[in-house]
Amino acid sequence: MKAEILSLRTLHEGWSRFSLARVRLADGSEAEREIEDHGNSVGVLPYDPVRRVATLVRELRVPALYVAGEQSQLEAPAGLIDDGTPEDNARREVLEEAGLRLGDLDFVGATYSCGGISTERIHLFLAAYAATDRVDGGGGADGEHENIRVVEMPLAELARMADRCELTDLKTLTLVLALRARRPALFSG
């Protein structure tokens, strides 16, 4: 027998939709499961291979503030997919948040951010840039109250942070490890 959703009840609809699903499991038993749905997203690690730095952002994440008192989280630029392709949205997010105009994107994968509760699939990319690709100060889109601070840091320090388990954002950790696996020479020194 295959699992199937028997019913779905929406509990809240706003920026996210929260639902309660009644599910028949593969063994025939029934259970309730919660679903959070806010759409799919993109995450990008922009890096300068010449200067061996990456551009990240610091931003308040209210859930991290709530559970750990963290005032900001260091992370790769990211955002929801609006209209267009994941690649188009990735370029738009990096321009808005970090002030970088990106060209080619290196696809890492599309994964569920938290498959136990969320429908979100995050499309992950690496993107090389040059110093001349900085066209703006970044900081986020007008009216979104993101208060983003742009942080450019050496790739070697980013690797040390990954090794010390100091990267608390999963997409950022994934992207740092992917870049390290694909371009290890960039992390020396």
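Buried residues account for 38% of the 189 residues in this protein, which is shown here as a predicted model. With the whole chain in view, you can pick out 4 helices and 10 strands. Followed along the sequence, they run β-β-β-β-β-α-β-β-α-β-β-β-α-α. The C-alpha atoms fill a box of roughly 55 × 35 × 35 Å along the principal axes. Turn on the surface and you are looking at about 10500 Å² of accessible area, with 52% of it belonging to carbon and sulfur atoms.

**Stop 1: a hairpin.** Select residues 17-24, strand β2, together with residues 30-37, strand β3; the two pair in the antiparallel sense over 8 bridges. Click on F18 and then look across to its bridge partner in β3, E36. The hairpin has 5 residues between its strands, and G28 in the turn has a positive phi of about 95°.

**Stop 2: a histidine.** Next, select H123 in strand β9 (residues 121-128). Is H123 buried or exposed? Its relative accessible area is 16%, below the 20% cut-off, so H123 counts as buried. Show what surrounds H123: leaving aside neighbours within four places in sequence, its contacts include S41, V42, G43, I81 and F107.

**Stop 3: salt bridges.** The whole structure holds 20 salt bridges, and a few make good stops. Begin with E13 and R17, whose closest N and O atoms are 3.5 Å apart. E13 is exposed at 56% relative accessible area, while R17 is partly exposed at 32%.

Now move to R92 and D82, whose side chains meet at 3.3 Å, N to O. R92 sits in helix α2 (residues 86-98), and D82 in the loop between β7 (78-80) and α2, 10 residues apart. R92 is partly exposed, with 25% relative accessibility; D82 is exposed, with 51%.

Then select D163 and R180, a salt bridge with its closest N and O atoms 2.8 Å apart. Because D163 belongs to helix α3 (residues 155-163) and R180 to helix α4 (residues 170-182), this pair ties together parts 17 residues apart in sequence. To see a network of salt bridges, select E59, R61, E75, D169 and K171.

**Stop 4: a nonpolar patch.** Finish with the surface on and L60, V62 and L65 selected: these residues form a nonpolar patch with about 240 Å² of accessible area together. L60 lies in the loop between β5 (53-59) and α1 (62-68), and is partly exposed at 40% relative accessible area.

Terms used: Residues are numbered from 1 along each chain as its sequence is written. This is a predicted model: local features need pLDDT of at least 70, side-chain atom pairs count only at pLDDT 80 or more; totals for chains, interfaces and linings use all residues. Side-chain values use heavy atoms; hydrogens and water are left out. Patches are made of residues with over 30% relative accessible area and no salt bridge: like charges are joined within 9 Å, nonpolar side chains (Val, Leu, Ile, Met, Phe, Trp, Tyr) within 5 Å. Accessible areas come from the Shrake-Rupley method with a 1.4 Å probe; for residues, only the protein chains shown count as cover. A salt bridge is a side-chain nitrogen of Lys or Arg within 4 Å of a carboxyl oxygen of Asp or Glu. Buried means under 20% relative accessible area, exposed over 50%, partly exposed in between (1.4 Å probe, protein chains only). Two strands pair if DSSP finds at least two bridges between them. Contact means heavy atoms within 4.5 Å.
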